[in-house]
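Reader: I'm in my first year and still learning to read these models. Could you take me slowly through one part of this one?

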Amino acid sequence: MKLLTYVKAARLRTLPLSVSGVVMGSALAFRAGYFRWEVFLLALLTTILFQILSNFANDYGDGVKGTDNANRIGPERALQSGKVTRKQMKLAVMITALLSVLSSIVLIYVSFGKENLMYVLIFFFLGLFCVAAAIKYTVGTSAYGYRGLGDVFVFIFFGLVSVLGSYFLYVHQLNWKIFLPAVAIGLLSVAVLNLNNMRDYENDKAVGKNTLVVKMGVDLAKYYQYYLVVLAMLCMLAFSILNFQVRWQLIYILAFFPLIVHLLSVKRNKNLKDLDKELKIVAFSTFFLTILFFIAQIL
């Protein structure tokens, strides 16, 4: 059934990580006294559409380039399986891109109205940039995911743009302290990508997909993983210290425990295929962290 194939291609397991930045930015806005449900729901919808667009585009780009083959580890891709054609997947990318832009326009209007034209224009072009970045990760001859730049873009869009952007949609200004949780979410998002690239190291190297892991090797990639996760936890703690958050406000630390266990698993890892299950651990730990952080602001 085609619909089920597209649902699988949307890779729903990636959605909790993608919305983590919005949840964090919204929690920070709530803490500042500016939370609005309509902005929150529209921001979630827009982010989910961006993520599905990225997943469809990755399916198309990797399928066309032959990166998705019999040696690939992880869930079977739609184009790779032959259940959809290139034309069908390309159409899915175009439709999702259009829906993403429309959702962005509604979100921007609800947030800024007609009065803040400069903000409207900035966020409109930012939305277009998000669409382009989602597509260009694997699509085209200059796909940045094939040149080791995926980590940089994930950090920017999943961390800085997602957290700071969603916060600004409520507050219409920025506070330098919120860069710390934004950096934390960005680093944890990169950690998920790094795991994905370590898992696919052998196949990526064979087909010429020069991810950062391919460039620096698995051993250094493991140390890179340690630094990403530990620095993210330190950024969260630094934010709490600067804002005098104590006791129940530190409930998000519960999410640190699976992350610490994860680092031990990476250290002991001997078979890269086994890293596939670690992706879920880091992704859901990041989402869990943001939910706990939000709850702390409400209590």
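Author: Let's look at helix H2, its packing partner H8, and the salt bridges.

A word on the ground rules: this is a predicted model, where local features need pLDDT of at least 70 and side-chain atom pairs count only at pLDDT 80 or more, while totals for chains, interfaces and linings use all residues. Residues are numbered from 1 along each chain as its sequence is written, and side-chain values use heavy atoms, with hydrogens and water left out.

H2 covers residues 15-32, and Ser-26 sits in it. (Helices are DSSP runs of H or I with at least four residues, numbered from the N terminus.) Ser-26 is buried, at a relative accessible area of 0%; buried means under 20%, exposed over 50%, and partly exposed in between, using a 1.4 Å probe and protein chains only. Setting aside neighbours within four places in sequence, Ser-26 is in contact with Phe-35, Phe-40, Ser-166, Tyr-170 and Phe-294, contact meaning heavy atoms within 4.5 Å.

Now for the partner. H2 packs with H8 (residues 179-199) at about 170 degrees, their axes 10 Å apart. Axes are lines fitted to C-alpha atoms over the stretch in contact, and angles run from 0 to 180 degrees between N-to-C directions. The two helices are therefore roughly antiparallel, the word used for angles over 145 degrees. On the H2 side, Leu-17, Ser-20, Gly-21, Met-24 and Leu-28 meet Pro-181, Ile-185, Ser-189 and Val-192 of H8. That contact divides into six nonpolar, three polar and no charged residues. Here Ala, Val, Leu, Ile, Met, Phe, Trp, Tyr, Cys and Pro are nonpolar, Asp, Glu, Lys and Arg charged, and the others, Gly among them, polar. H8 itself is mostly covered, with 19 of its 21 residues buried.

On to the salt bridges: there are four, each a side-chain nitrogen of Lys or Arg within 4 Å of a carboxyl oxygen of Asp or Glu. One of them pairs Asp-276 with Arg-13, closest N and O atoms 3.8 Å apart. Asp-276 lies in helix H13 (residues 276-298) and Arg-13 in the loop between helix H1 (2-9) and H2, so the pair ties together parts 263 residues apart in sequence. Arg-13 is partly exposed, at 30% relative accessibility. Another pairs Asp-200 with Arg-199, at 2.9 Å between the closest N and O atoms. Asp-200 is buried at 9%, and Arg-199 is buried at 2%. Through shared partners, salt bridges join Arg-13, Arg-199, Asp-200 and Asp-276 into one network.

Key: Angles under 35 degrees count as roughly parallel, over 145 as roughly antiparallel, 65 to 115 as roughly perpendicular and the rest as oblique.
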